[in-house]
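Please open the model in your viewer and keep the selection panel within reach. The tour below goes from stop to stop, telling you what to select and what you will find there.

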Amino acid sequence: MCRSLRYCVSHCLYAAMTRLEEANREVNMHSSVRYLGYLARINLLVAICMGLYVRWEKTADALILVIFILGLFVLGIASILYYYFSMETASLSLSNLWFGFLLGLLCFLNNSAFKTDVKEEATKYLLLSAIVLRILCALVERICGCIHHRPTLLTTVEFLELVGFAIASTTMLVEKSMSIILLVMALAMLIIDLRMKSFLAIPNLAIFGAIASLLFFPSLQIPTNPFALACFFSCLISDPLLDVYFSGLSVTERWKPYLYRGKICRRLSVISVGVIELIFFILAAFKLRDLDLWYFVIPGFSIFGIFWMICHVIFFITLWGFHTKLNDCHKVYYTHHAENNSLDRVMASKGMRHFCLISEQLVFFSLVATAVLGAVSWQPTNGIFMSAFLIVLPLESMAHGLFHELGNCLGGTCVGYAVVIPTNFCSPDGQPTLLPPEHVQELNLRSTGMLNAIQRFFAYHMIETYGCDYSTSGLTFDTLHSKIKSFLELRTADGPRHDTYILYYSGHSHGTGEWALAGGDALRLDTLLDWWREKNSTFCSRLIIVLDCENSQPWVKEVRKVNDQYVAVQGAEMARVVDVEEADPPQLGDFTRQWVEYNCNPDSNISWSEKGRTVKAVYGVSKHWSDYTLHLPTGSDVAKHWMIYFPRITYPLVHLANWFCGLNLFWVCKACFRCLKRLKMSWFLPTVLDTGQGFKLVKS
């Protein structure tokens, strides 16, 4: 009796200590990342304080001392609000605003006399270390999964630091201050461009860095601190730049703050873009004052200026037409909101993909026209013109990126077929056997739950359902062969094949991943792929296999060797040993329930990277999966689009734009980009992979 009691007590203590140790490890990881961020912030604060002290010491300017003391006073108030009154939002807003302001002062209050000071050298090293720590903190946060990406254009921290930096520029003359304020706006547009993962965001980042460092600040003829500027730029750009890779948000999730805005707000945004474009054109016209090269400037600006205006009339009409179609989508979306229809599915049903694919070419042509006009009318001494140019480029890049991504992800047709064979026992020869009577009721409930979940998944994502087969006695190989081949032969009502075919299986499987069928037969992945090649040999559809069985990992590994088809396998990995006191043993159906909830509930808090999960997710894709593209519009489709949306006078230019974009001048860049995507999918497989159909493949 005493021995049993001692065993129970020791076991309970061991379980409690193990759980406490795991919790501490998790807390320590998050705490370490948070403390790394605090260290970067404190390091930056010390650098700012030391830099301002050097400037006050060398210039004896009382205003610097007043600002320095006021800054410390404000940061002290922010700390009091945070720790004593729990006013976190007000405290962080105040501190971020002052960080931007003080860092701006450190940038613009510079002098050659400071270079020989030892404290100034220490300030430079502190600023460099702040850059390294900030980038390292942002990288570790994303690797450790401490960041939960949410749809936003600009975070509060970024906005307030930009505002603070812009306020600091008001210490200079009006023209120079206006140039820097516009440059800050351009930086804000660049951050949004990166966060939206626009196709041309990285080239825009390179152009911004080159123009700002090599041309813009030298044109202002003011002494600036390059280390402080680099620190300000790096701290703001590190998060959106890293999110280009780490963010798992889909296209409509990233653009949600804009696409879900009201009609009036979006119309005003289009008008605002038109006003900004007009201001840029007026600033470019100032080049005509350069009479030294009048024989080049006047003809060049006349030709390319008219060309730019016609291109941007088309650009404006395209944006206006997009929002007209988006308003129609909003009406349908809010009318059927109770049916859980997402906006991207409504846009697909309204033909938005077709519109975006054609508009992408026209917007790209407008972007080229802007670059050419900027080069022809370049003004190396006009900082306002450079800032306006750097504002217009990201704006047009975002429009191009939006059309490019919506055109690539919307409108794909999808059909699904589910097979559920609820057997947990197999005879020695591998044939499924019937369950004992006492387990039948539990099995029926679990199987019914799986069927309901997969039907919910099909209905939520508007996937055409071929059928959901349920058999407690198992399916024969011939029966399954007939059903799957019929499923793979399905076509849309218009005649073409579906873009995506989803095959779901839940049941017993052998150690090699083969499906256990009645009569001792088995279905291998090679056999299934042979059926798929037979039906898809002359088409470019893709096949997604979802497995909820105990041996799905072999198929996940094997599909990565396929190089002639677009195939993906989403599987589950069940824990072999589970402490029954902490969690229930995993069963077939648990993965289906969680995966469907994750893909059908936007507010789901399911974390696949959570430690201690009894059911983990794993997926694999074929080698060329990232090359997959949907059907492109034909020439007659493009001609019909022009007749509907554009005036007859623009037809020649629209034909020219379509011909120019059809030349595929960037085939080298596209080939390199395709290779990079293949490399990413083979070496750095994302934790969350957006399929473009509204649901995602995940791995733990």
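Which residue stands opposite L543 in β6? Before selecting anything, bear in mind that this is a predicted model; then pick L543, and you will find that the residue opposite is Y501.

**The sheet around β6**

Stay with this pair and show the strands on either side, β3 and β6, which run parallel and are joined by 7 bridges. Now turn to the neighbour β7, which also runs parallel to β6 and is joined to it by 5 bridges; here L543 stands opposite V567.

Is β6 mostly covered or mostly open? Colour its residues by accessibility and you will see a mostly covered strand, since 7 of its 7 residues are buried. Both faces are covered, with R542, I544, V546 and D548 buried on one side, and L543, I545 and L547 buried on the other.

Next, widen the selection to the whole sheet, an open one in which 6 strands follow the order β2-β1-β3-β6-β7-β8 with mixed pairing. At its edges lie β2 (464-470) and β8 (615-621), each of which pairs on one side only. If you look along the sheet, neighbouring strands are turned by 10° against each other on average, with direction ignored.

To inspect one edge of the sheet in detail, select β1 (residues 414-421) together with β2, which pair in the parallel sense over 6 bridges; one residue to label is V419, whose bridge partner in β2 is D469.

Then add the helices that lie against the sheet. Helix α17 lies across β1, β2, β3 and β6 (542-548), and runs at about 165° to β1. Helix α20 (residues 590-600) also packs on the sheet, where it touches β3, β6, β7 (566-574) and β8, and its direction makes about 130° with that of β6.

**A salt bridge beyond α17**

From α17, move on to K535 and E489, and display their side chains, which form a salt bridge with the closest N and O atoms 2.4 Å apart. Because K535 lies in helix α18 (residues 525-536) and E489 in the loop between α17 (477-488) and β3 (500-507), the pair ties together parts that are 46 residues apart in sequence. K535 counts as buried at 17% relative accessibility, whereas E489 counts as partly exposed at 43%.

**Charged pairs among the helices**

The pair just visited belongs to a wider set, for the model holds 19 salt bridges by the rule used here. Select R41 and E161, whose side chains meet in a salt bridge of 2.8 Å from N to O. This pair links distant parts of the chain, with R41 in helix α1 (residues 2-59) and E161 in helix α5 (residues 156-168), 120 residues apart. R41 counts as partly exposed at 27% relative accessibility, while E161 counts as buried at 8%.

For a linked group, select R134, E141, R142, D239 and D243, which are joined in a network of salt bridges. Within this group, R142 forms a salt bridge with E141, their closest N and O atoms being 3.8 Å apart. R142 is buried, with a relative accessible area of 10%, and E141 is buried as well, with 19%.

**An enclosed space**

How many cavities of 30 Å³ or more does a search of the whole structure find? The search finds 2, and the largest cavity has a volume of about 60 Å³. To locate that cavity, return to R41 and E161, which both belong to its lining, and add L44, F99, G100, L103, C231, F232, C235 and L236. At least two lining residues each are supplied by α1, α3 (88-108) and α8 (226-246), and the largest share, 4 residues, comes from α8.

**Two loop residues**

For the last stop, look at the backbone of two residues in loops. K197, found in the loop between α6 (174-195) and α7 (201-220), has a phi near 55°, a positive value in a residue other than glycine. Q221, in the loop between α7 and α8, likewise has a positive phi near 55°. Most residues other than glycine have a negative phi. Finally, show the surface at Q221, which is exposed, with a relative accessible area of 69%.

Technical notes:
Residues numbered from 1 in each chain as written. Predicted model: local features only at pLDDT ≥ 70, side-chain atom pairs only at ≥ 80, totals over all residues. Heavy atoms only, no water. Salt bridge = Lys/Arg side-chain N within 4 Å of Asp/Glu carboxyl O. Buried < 20%, exposed > 50% of the residue type's maximum accessible area, 1.4 Å probe, protein only. Pairing = 2+ DSSP bridges. Axes fitted to C-alpha atoms, helices over the stretch in contact; angles between N-to-C directions. Contact = heavy atoms within 4.5 Å. 1 Å grid on protein atoms, 1.4 Å probe; cavity = no way out; pocket = protein on both sides within 12 Å on 5 of 7 lines; lining within 4 Å. Points joined across faces, edges and corners; volume = space filled by probe spheres on them.
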